[in-house]
Amino acid sequence: MANSVARRAIVTGASGGIGRAVATRLARDGFAVAVHYGGQQAKADEVAAGIKAAGGHAITARADVAKAEEVSALFQRALDEFGRLDVVVHCAAIMPLFRIVDADLESFDRVIATNLRGSFLVLKEAAQHVSDGGRIIAFSSSVIAKAFPTYGAYIASKAGVEGLVRVLANELKGRNITANVVAPGPVATDLFLAGKSEALIEALRKATPLERLGQPEDIASAVSFLAGPDGAWVNAQIFRVNGGFA
Ligand SMILES: NC(=O)c1ccc[n+]([C@@H]2O[C@H](COP(=O)([O-])OP(=O)(O)OC[C@H]3O[C@@H](n4cnc5c(N)ncnc54)[C@H](OP(=O)(O)O)[C@@H]3O)[C@@H](O)[C@H]2O)c1
C-alpha cells in the first residue's frame, strides 16, 4: 500500500447505515479503511468502491463478530494489507426487540453473542493490534437511558459495551491509545426503522429537541472527531450523540 496514506482503520458493520457513513468519512479524513461486513458483501463492495472512486484506499473483509477466529482473521487481513492499524471503529450490532416475559433464550443469546461478545472480541483484537497513539471507538445507544419495553436484551448488551470500554481505557494506560463509546440517538438506518410504524417513527422524531432523526453522517462526524487530532484528550467517555434524545 502507498506510504502516502498516513493512517489505517477498521470499521466493523460498514455494510450498515452508520458504519458506511463512518467508513466513508474516515476515508475522506485520509484513512485507508477496511470495510467490514457480516452478510451483505454487495453493500460493503459498494462502500469500498465509493471510497476508491473518491481517490481513497479501501479493502473489504467479512467476519461474524461473534466468532473469535473470524474476528482474528479480520484483523490479520487488515494488518496484512495495511501493515499497521491506527483506529478501530466497532459498529456491527443487531437490535431484535422482544419483551422479557415472552423471550426465547435463543433470541437473548444471539443479541448478547453479537453485541457484547462481538464487542469483547473486537476490543481484544484492537487492544492487541492498534498502534500506540491510536484510537478505539465502540458503539452503545442513547436508548439505554429510556428503558423502553422490548429493548431489554439490546440495552443489556450495550450497557456491557459501555463497561468494557471504560475498563479497556484504563488497561491501555502507557500506550497513548484512547478508547471511547459513541451512543447515538435514533438514526434513520435499517436497524432503527425495521419493524416500526410510520406513527412510531414520527413520535420518536418529535421526541427530540431538534425534531429530526439523526442521519448516519451526524454520527460519522462524532467518530471523525474522536479518531482525529481534535479528539486526542477525550478518553474513556460515553459520547451521547443524539440531538438531545436523553
Ligand atoms: N440506528 C440507530 O438508531 C442506532 C441508535 C443507537 C445505536 N446504534 C448503534 O449503531 C451501530 C450501527 O447501527 P446501524 O444503525 O448502522 O445498523 P445497521 O444499518 O443495521 O447495520 C448493522 C451492521 O452490523 C453488521 N452485523 C450485524 N450482525 C453481525 C454479525 N454477527 N457479524 C458481523 N457483522 C454483523 C451488519 O452486517 P451485514 O448487514 O453485512 O450482515 C451491518 O453492517 C450499532 O452498534 C447500533 O447498535 C444505532
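1. Let's start in the middle of the sheet. Strand β1 (residues 7–12) pairs with strand β4 (residues 85–90) in the parallel sense, over 4 bridges. One residue to click on here is T12, whose bridge partner in β4 is H90. Keep in mind as you go that this is a predicted model.

2. On its other pairing, β1 runs parallel to β2 over 5 bridges. R8 has A32 as its bridge partner in β2. The strand is mostly covered, with 6 of its 6 residues buried. Side chains in a regular strand alternate between the two faces of the sheet. In β1, R7, A9 and V11 point one way while R8, I10 and T12 point the other, and all are buried.

3. Zooming out, the sheet is open and has 7 strands, ordered β3-β2-β1-β4-β5-β6-β7, with parallel pairing. The edge positions go to β3 (58–62) and β7 (238–239); each has a single partner strand, so one side of each has no neighbour in the sheet.

4. Two helices are worth a look against that sheet. Helix α2 (residues 41–53) packs on it by touching β2 (31–37) and β3, and its direction makes about 165 degrees with that of β3. Helix α3 (residues 68–82) lies across β1, β2, β3 and β4, and runs at about 160 degrees to β3.

5. Moving along the sheet, β4 and β5 run parallel and are joined by 5 bridges. V89 finds its bridge partner in β5 at I137. Of the 10 residues of β5, 7 are buried, so the strand is largely enclosed by the rest of the structure.

6. S131 lies in β5 (residues 130–139). Is S131 buried or partly exposed? It counts as partly exposed, because it has 14 C-beta neighbours inside 10 Å, and the cut-off for buried is 20 or more. Leaving out residues up to four places away in sequence, S131 touches R84, L85 and D86. For a sense of distance, S131 and E46 are 85 residues apart along the chain, and their C-alpha atoms are separated by 28 Å.

7. I177 sits in the loop between α5 (152–171) and β6 (178–182). Despite the loop position, I177 is buried, because 23 other C-beta atoms lie within 10 Å. Beyond its neighbours within four places in sequence, I177 is in contact with V130, D132, G133, G134, R135, I136 and L172. F108 is 69 residues from I177 in sequence and 33 Å away, C-alpha to C-alpha.

8. On the core: nonpolar side chains tend to be buried together in soluble globular proteins. The largest nonpolar core here has 72 residues, and the members touching the most others are V11, V22, A23, V33, V35, V88 and V223. Take V33 from that group: not counting residues up to four places away in sequence, V33 touches A9, V11, A23, L26, A27, I51 and A58.

9. Last, the ligand. How many residues surround the ligand, and which are the closest? There are 28, with G13, G16, G38, A93 and L191 the closest. The elements giving two or more residues to this shell are α1 (17–28) and α6 (190–193). By class, the shell breaks down into 15 nonpolar, 11 polar and 2 charged residues.

Terms used
Residues numbered from 1 in each chain as written. Predicted model: local features only at pLDDT ≥ 70, side-chain atom pairs only at ≥ 80, totals over all residues. Near = placed C-beta within 6 Å. Nonpolar A, V, L, I, M, F, W, Y, C, P; charged D, E, K, R; others polar. Buried ≥ 20, exposed ≤ 12 C-beta atoms within 10 Å, placed from the backbone. Contact = placed C-beta atoms within 7 Å. Core = buried A, V, L, I, M, F, W, Y, C linked by C-beta atoms within 7 Å. Pairing = 2+ DSSP bridges. Axes fitted to C-alpha atoms, helices over the stretch in contact; angles between N-to-C directions.
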